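Hi everyone, thanks for making time for this one. I'd like to walk you through a structure piece by piece, so please have the viewer open and follow along.

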2 protein chains.
Amino acid sequence: MAFAHPYLMFLGDAPDQLAAKTAQGVAFWRPDWCPGQFRLPGCQADLGLPDMSIEDAAQAGCRTVIVGVANRGGVISESWTEALVEALGAGMDVASGLHTRLRDVERLREAAERHGRQLLDVRHPRRSFDVGKGSKRPGKRVLTVGTDCSVGKMYTALALEAAMQRRGMAADFRATGQTGILIAGDGVSVDAVVADFISGAAEWLTPAADPDHWDVVEGQGSLFHASFAGVSTGLLHGSQPDALVLCHEPTRTHMRGLPDFALPDLGACLRRNEETARLTNPAVCSVGVAVNTAAMREPEAEDYLAKVGRELDLPAVDPVRHGVEPIVDALEGL
Amino acid sequence: MAFAHPYLMFLGDAPDQLAAKTAQGVAFWRPDWCPGQFRLPGCQADLGLPDMSIEDAAQAGCRTVIVGVANRGGVISESWTEALVEALGAGMDVASGLHTRLRDVERLREAAERHGRQLLDVRHPRRSFDVGKGSKRPGKRVLTVGTDCSVGKMYTALALEAAMQRRGMAADFRATGQTGILIAGDGVSVDAVVADFISGAAEWLTPAADPDHWDVVEGQGSLFHASFAGVSTGLLHGSQPDALVLCHEPTRTHMRGLPDFALPDLGACLRRNEETARLTNPAVCSVGVAVNTAAMREPEAEDYLAKVGRELDLPAVDPVRHGVEPIVDALEGL
């Protein structure tokens, strides 16, 4: 699963901006790869990119159509198929982050075969993996871990990659979820891997590298999430991080999707992640905390970050408000 | 996936006794379900059961043929197909613990369809599961956890079920691996489930029950196994055990399949399991240690068990040598 860019961002008939969240993430982090968007009549989402027809996009050199949108019902609607078939005919691949598989839509499968193009379903890994080995590999790795799901682990990893590259460090974002995979152009949706192979998939994703190279690995779930901690555990073991960054959203009142579960204490969460990671990398250490303070006013956010930083004795930042430089400082010291 | 018994144990042309390990486990734990065995010329395994032809087995009322054997290459050989097709024609289902799927063998698939029989591949769950919810369910649960893979977690769970039932306790073994599933007649191969659904599958396996009912859950892997800890974590969270039994094999020099990994300290291993389990059941407690002392002489084994029992302040037994009564005493007190 490796996608060729430039991308045409396909928004279909998205009912609102939120439905295009995945596409928005890709356009935000990879503006150079996204020359335009394709919208059907009635589309209520807008990435602020030039609108293009399929023909325009082909002429502009687009190589993959990214279906980064959810419509009502979560299926690939008939109204989309027409345009996607046209794109396959115009020489583009089609990639999708939807649960429904592109290749289960007969007209798309036929058109892809006829034109020798690929249908790429990022939620459904087609690659098979070995069982994790646990052996220490050269190269450095930093993993974003979370108190909960959807607390900014992908955003933080991408902000770290960007800041590290600006300093001339060799750093590559390693994607473990669907939006991340579309942004990276490759990766593994680790929660869709067969359970026996979670750590093996994470090892594949973060292979042996130059001693100075950093894999910046997107975390998944949380060790304290009753639904997904198995995925988080396998990812910790397989990616064998040298450094951990804890991500947190301070206004959440319970674990995502689990109304009866409170969020863990930040210190306890970080210690549990360190203990777990130590199995495959005894030298693991925590280097910072990334907090999504979007729901707080500036002084409140600064107080909160100062308090967290003091309590955990680590740099605490909001990657959106303040960037991640203090965390990159810590990584440079490793 | 629920199998009808009695079972005809199919040994094919097993090259040695070890190749029939799965079949042996089923025959040992469910002797009443296993009236006979089927062997091809050259078979080097023997369960000590009466040899039966397919016709004999059908007349004896066998309802499922259990392919509990591995041949050279791990595939379903042509020489087996003949007999299995005959069994389907005689009205029996066929169940297999092999990696190769029965339904991928065209002649078997055709025969099953023609005769309206089932092909049951226990390694490949066909059921789909919900994401784990983590909500506390009525009923009691005990889970066997391990310092490593293959240290007696299934054997211990089955020994507990048998001893509990002898005392009149309501107890059901819950299988999480292939041999266990054939023994229980149902279950989930949790390591073959998609990673997002490990805890959900474990919840399905151990549903709400009478307050006095015990699920005796077969553990998988180890929190300290770099390949499989994700599976162990999801199983701990989903089965939300009230009680843990730690299983251990004291002569092992490294983690199974991982030459560079030492076994964990027993106390540290138990504490980590308790901490992890506490997320979905804060009242979890450890009730005993089950040690496979097969490689030790009797006085050495007794000394070792006494030492472990003292150090962990728990009953420590070898389920094969001494049974599991002291652990059942502890469970009765809960």
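Let's begin in chain B, where β3(B) and β4(B) pair in the parallel sense over 4 bridges. One of the residue pairs to click on is I66(B), whose bridge partner in β4(B) is A95(B). Before I go further, please keep in mind that this is a predicted model.

Now look across to the other neighbour of this strand. Strand β4 of chain B, residues 93–96, also pairs with β5(B), again in the parallel sense, over 3 bridges. Here A95(B) turns up again, with L120(B) as its bridge partner in β5(B). V94(B), for its part, stands opposite L119(B) in β5(B).

What about the two faces of β4(B): covered or open? Both are covered, with D93(B) and A95(B) buried on one side and V94(B) and S96(B) buried on the other. As a reminder, side chains in a regular strand alternate between the two faces of the sheet.

Zooming out a little, the open sheet in chain B has 5 strands, in the order β2-β1-β3-β4-β5, and the pairing is parallel. At the edges sit β2 (36–39) and β5 (119–121) of chain B, each of which pairs on one side only. On average, neighbouring strands of this sheet are turned by 25° against each other, direction ignored. There is also a helix to look at here: α1 of chain B, residues 21–29, lies across β1 (7–12) and β3 (64–67) of chain B. The angle at which α1 runs to β1(B) is about 155°.

Let's move over to chain A and talk about domains. Chain A is divided into domain 1, covering 7–121, and domain 2, covering 140–332. Taken over C-alpha atoms, the centres of these two domains of chain A are separated by 29 Å. Where they touch, 9 residues of domain 1 of chain A are in contact with 5 residues of domain 2 of chain A. Which element gives the most to the domain 1 side? That is helix α1 of chain A, residues 21–29, with 4 residues. By class, the domain 1 side of this contact in chain A has 4 nonpolar, 4 polar and 1 charged residues.

One residue to pick out is W29(A), which lies in helix α1 of chain A. W29(A) has 21 C-beta neighbours inside 10 Å, so it counts as buried; the cut-off for that is 20 or more. Leaving aside neighbours within four places in sequence, W29(A) is in contact with L158(A) and I183(A). If you'd like a distance to check in your viewer, the C-alpha atoms of W29(A) and D191(A) are separated by 23 Å, and these two residues are 162 apart along the chain.

For another environment, try D46(A), found in the loop between β2 (36–39) and α2 (54–59) of chain A. D46(A) has 14 C-beta neighbours inside 10 Å and therefore counts as partly exposed. From D46(A) to K307(A) you cover 261 residues in sequence and 38 Å in space, C-alpha to C-alpha.

Now for the contact between the chains. Chain A gives 29 residues to it, and chain B gives 29 residues. On the chain A side, α7 (198–205) and α8 (229–239) each supply at least two residues. The largest share of that side, 6 residues, comes from α8(A). Sorted by class, the residues of chain A that touch chain B divide into 15 nonpolar, 11 polar and 3 charged.

Why can we call α8(A) largely enclosed by the rest of the structure? Because 11 of its 11 residues are buried. Those buried residues include A229(A), L235(A), H237(A) and S239(A). The cover over α8(A) comes from both chains: it includes β6 (140–146), α7, β8 (214–217) and α9 (266–277) of chain A, together with α7 (198–205) and α8 (229–239) of chain B. Right after α8(A) comes Q240(A), whose phi is positive, near 35°.

Last topic: how do the two copies relate? A turn of 180° and a shift of 0.0 Å along the axis lay chain A on chain B with an RMSD of 0.0 Å. That is the relation of a two-fold axis. The same surface serves both copies, as 100% of the contact residues of chain A recur in chain B.

That's my tour; over to you for questions.

Methods
Residues are numbered from 1 along each chain as its sequence is written. Chains are lettered from A and ligands numbered from 1 in the order in which they are written. This is a predicted model: local features need pLDDT of at least 70, side-chain atom pairs count only at pLDDT 80 or more; totals for chains, interfaces and linings use all residues. Two residues are in contact if their C-beta atoms, placed from the backbone, lie within 7 Å. Ala, Val, Leu, Ile, Met, Phe, Trp, Tyr, Cys and Pro count as nonpolar, Asp, Glu, Lys and Arg as charged, and the others, Gly among them, as polar. Two strands pair if DSSP finds at least two bridges between them. Axes are lines fitted to C-alpha atoms, for helices over the stretch in contact, and angles run from 0 to 180 degrees between N-to-C directions. Copies are superposed by least squares on the C-alpha atoms of residues with pLDDT of at least 70 in both. A residue is buried if 20 or more other C-beta atoms lie within 10 Å of its own, exposed if 12 or fewer, and partly exposed in between; C-beta atoms are placed from the backbone. Domain bounds come from an automatic or database domain assignment.
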